[in-house]
Structures are given as structure tokens and as C-alpha cells.
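Q: I would like to learn how to read the bound molecules in a structure that is new to me. Could we go through them slowly, one feature at a time?

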Amino acid sequence: AKSQGRGNFQFFEAAMNAATHERLLMENRLWQALERKEFELYLQPQVELASRRVIGAEVLLRWHHPELGMVGPDRFIPIAEESGLILPLGEWVLQQTVDLLSRWKGSLRLAVNLSARQCSGVSLLPLLDRLLRESGIDPALLELEITESAAMQDPERSRDLLRELRARGIKVAIDDFGTGYSSLSYLKLFEIDRIKIDRGFVKDIESDPNDAVIVSATIGLAHSLGLGVVAEGVETEAQVAFLRGKFCNEAQGYLFARPMPVGEFEALAGSLPVP
Ligand code: C2E
Ligand code: CA
Ligand code: CA
Ligand code: CA
């Protein structure tokens, strides 16, 4: 029995080594990807529900690896976050975003996802100050999305950061609202502009009465606090009808459009100045 236990351990060890190896390989590929310019910004339109007009987009990162093909952010953002790559990568995303806003000359808003490490580091505010100064864009056209879990890693610091962002006129949204443990204390603690209702609540609003109540109450709560609301993951007209009935301001989801390359978005949003 003892030797078998040892065998299991060796097997386990081998599997661990393989996993660690795979992880390191991905990490190396990610650092190279930044140099080789394998990342691309995709944009998913955000739509004003009352008019169905595209009022902006969320920036979603894509990675084209020469052999692996298209790798989704759920597979590489966690590795980038742990390895520290997220800092130069996040800086690249913000630079590209500000370049787009400056090219579009003020017609649309862009929302960028912030990672936990970007929130807790010291480089974000100086970076944003430089980008705003160099581009001269209206800071209100830049929105930063922060998840509850990222902000709650260091609530005091996050509160200061969000205050500083808003002092600059940058908009702040809570991402995946309702999925954390402390959504309501978040509202008490942080000054924000908008709430993004997580897709997990929107998905079943037609069939699950609890979800319908939660979404409806969240919209009401947001409005009472003077905040805007974006519903994520809208896939059906019935969901649009429900959300409009509750005066939800904006929505985003496959019903309107999937995340798309910048050129496609510019064609869709129309009437943008061509460079
Ligand atoms: P997220 O911020 O919650 O982004 C929304 C995700 O839902 C996106 O997945 C989007 O493609 C997907 N989605 C949008 N509408 C629908 C819909 O109607 N139905 C369904 N089933 N899905 C929908 P994506 O692009 O794979 O991004 C996954 C996550 O990766 C994002 O979740 C975000 O947390 C992270 N991420 C993406 N880009 C960045 C980035 O530049 N920086 C950081 N830190 N994180 C990023
Ligand atoms: Ca987001
Ligand atoms: Ca989200
Ligand atoms: Ca999410």
C-alpha cells in the first residue's frame, strides 16, 4: 500500500509539473505577444434602450496567437494578472482606447476593464494624467469598469482611487454588479457613476421571478442613488421589453451585437470622421 501511495504521489507530481510547465509556457507566450503585437481591441456596442442608438462600447481584449489561434480573455487575463503582465498590457489597452476616443472627436464613450492589480498599484493615475494631457480628450468619454472583487481587495485604497478618477471627470462603473458578497456596502463606500447588472441576473428575467425582482429592484436602487444602469448579456427582445419597462438606461449583449474589431464598430456606429 505504501509503494502505491508513493506511485500516486509521483503521478500527482508529474501532473503538477505538467500544469506548471503549461502555465510558464503561457506566461512566456503572453510577454512575447505584447512585443509581437498579437493583442487586439474588440468593441461591443452599448445601446441606449429608449432610442436603440449606439452610445458607446465596452473594450474587450483579444489575443491572436500564431499557433493557438484566438485566445479569449478568460484564459489569459488571470495569468497576466498573476504574472504582472497586466500592468504593461493594461497600459497598452488604455493608450489604444484614448487614441480611438481622440480620433472619434467626442461622439462615443468607451469603457475599459480594470484589473485588481491596476487598482492597487501606483501607476494608474499618473498614466491616465499623461494620456488625458497628451490626447486632450473629454475625460467623461472614458469609463473604467471595476468589479466588486477587485475593489474589495483593498477597499480604502479603491475608495481613494475612485475619488481621484472622478475628480478628473473619468466615469466609473461597477462591473458584474450583484455577484459579490458586499454589493450594497460597495454602493455605500464608493463614489461611482454607473452599475452594470451582471448577465447572470439578466439571463432568466423572463422565466425566473426572483431574477426579475432582483433586476427590477437593482434598477430602482441605482436610479434612487442617481446612478446610470447598463444591463449586460441581453440576448432577447423579451429582455429588452422588460428592461425598458423598468427604465433601465442602457444595454449590451448579443441581441444588438457581439464584440467586434474596431473597423467594424466604426462602420456600425456610422457618421464617424474617417481618418
Ligand atoms: P466582462 O467584463 O464581464 O465582459 C463581458 C463578457 O460577456 C465578454 O466576454 C462579452 O463578450 C460577453 N458577452 C457580452 N454580451 C453577451 C451576451 O449577450 N451573451 C453572452 N453569453 N456573453 C456576452 P469576453 O470578451 O470573453 O471577456 C471576458 C472577461 O475578460 C471580461 O468579462 C473581463 O472581465 C475580462 N477582460 C476582457 N478584456 C479585458 C481587459 O482589457 N482588461 C481586463 N483587466 N479584463 C478584461
Ligand atoms: Ca466589463
Ligand atoms: Ca461584466
Ligand atoms: Ca464577467
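**Reading the ions and the ligand**

A: In this predicted model, D176 bridges two ions, the calcium ion (ligand 4) and the calcium ion (ligand 3), which lie 3.7 Å apart. D176 itself is found in strand β6.

Q: Which protein donors does the calcium ion (ligand 4) have, and how far from it do they lie?

A: To read a metal site, one lists the donor atoms and their distances, bearing in mind that water is not among the atoms, so sites may look incomplete. For the calcium ion (ligand 4), both listed protein donors are OD atoms of D176, and they lie 3.0 to 3.1 Å from the ion.

Q: Which residues coordinate the calcium ion (ligand 2)?

A: The calcium ion (ligand 2) is coordinated by E58 through OE, N113 through OD1, E145 through OE and D175 through OD, at 2.2 to 2.3 Å. Written along the sequence, the spacing of these donor residues is E-x54-N-x31-E-x29-D. Distant parts of the chain are linked in this way, since E58 belongs to strand β2 and E145 to strand β5 (residues 142-147), 87 residues apart.

Q: Which residue coordinates both the calcium ion (ligand 2) and the calcium ion (ligand 3)?

A: That residue is D175, and the two ions it coordinates are 3.8 Å apart.

Q: Turning to ligand 1, which residues around it come nearest?

A: A useful way to read a ligand is to begin with its surroundings and then to look at single contacts. Around ligand 1 there are 20 residues, of which Q44, R62, D175, E235 and Y254 come nearest. By character, the shell divides into 7 nonpolar, 5 polar and 8 charged residues.

Q: Where does ligand 1 sit, and which elements give two or more residues to its shell?

A: The space that ligand 1 takes is the largest pocket. The elements giving two or more residues to its shell are β2 (53-65), α2 (73-83) and β6 (171-177), and β2 provides the largest share, 4 residues.

Q: What polar atoms of the protein lie close to an oxygen or nitrogen atom of ligand 1, taking N113, R199 and Y254 in turn?

A: For N113, an N or O atom of the side chain is 3.1 Å from an oxygen atom of ligand 1. For R199, a polar side-chain atom lies 3.2 Å from a nitrogen atom of the ligand, whereas Y254 uses a polar backbone atom, 2.8 Å from an oxygen atom of ligand 1. Taken alone, ligand 1 exposes 800 Å², and the protein buries 82% of that.

Methods:
Residues are numbered from 1 along each chain as its sequence is written. Chains are lettered from A and ligands numbered from 1 in the order in which they are written. This is a predicted model: local features need pLDDT of at least 70, side-chain atom pairs count only at pLDDT 80 or more; totals for chains, interfaces and linings use all residues. Side-chain values use heavy atoms; hydrogens and water are left out. A residue is near a molecule or strand if one of its heavy atoms lies within 4 Å of it. A polar contact is a pair of N or O atoms within 3.5 Å; within protein, one must be able to donate a hydrogen and the other to accept it, and residues adjacent in sequence count only if both atoms are side-chain atoms. Accessible areas come from the Shrake-Rupley method with a 1.4 Å probe; for residues, only the protein chains shown count as cover. On a 1 Å grid over the protein atoms alone, a cavity is a set of points where a 1.4 Å probe fits but cannot get out, and a pocket is an open set with protein on both sides within 12 Å along at least five of seven lines; lining residues have an atom within 4 Å of a point. A molecule sits in a cavity or pocket if more than half of its atoms lie within 2 Å of its grid points. Ala, Val, Leu, Ile, Met, Phe, Trp, Tyr, Cys and Pro count as nonpolar, Asp, Glu, Lys and Arg as charged, and the others, Gly among them, as polar. Donors are N, O and S atoms within 2.8 Å of the metal (3.2 Å for Na, K and Ca); water is not among the atoms, so sites may look incomplete.
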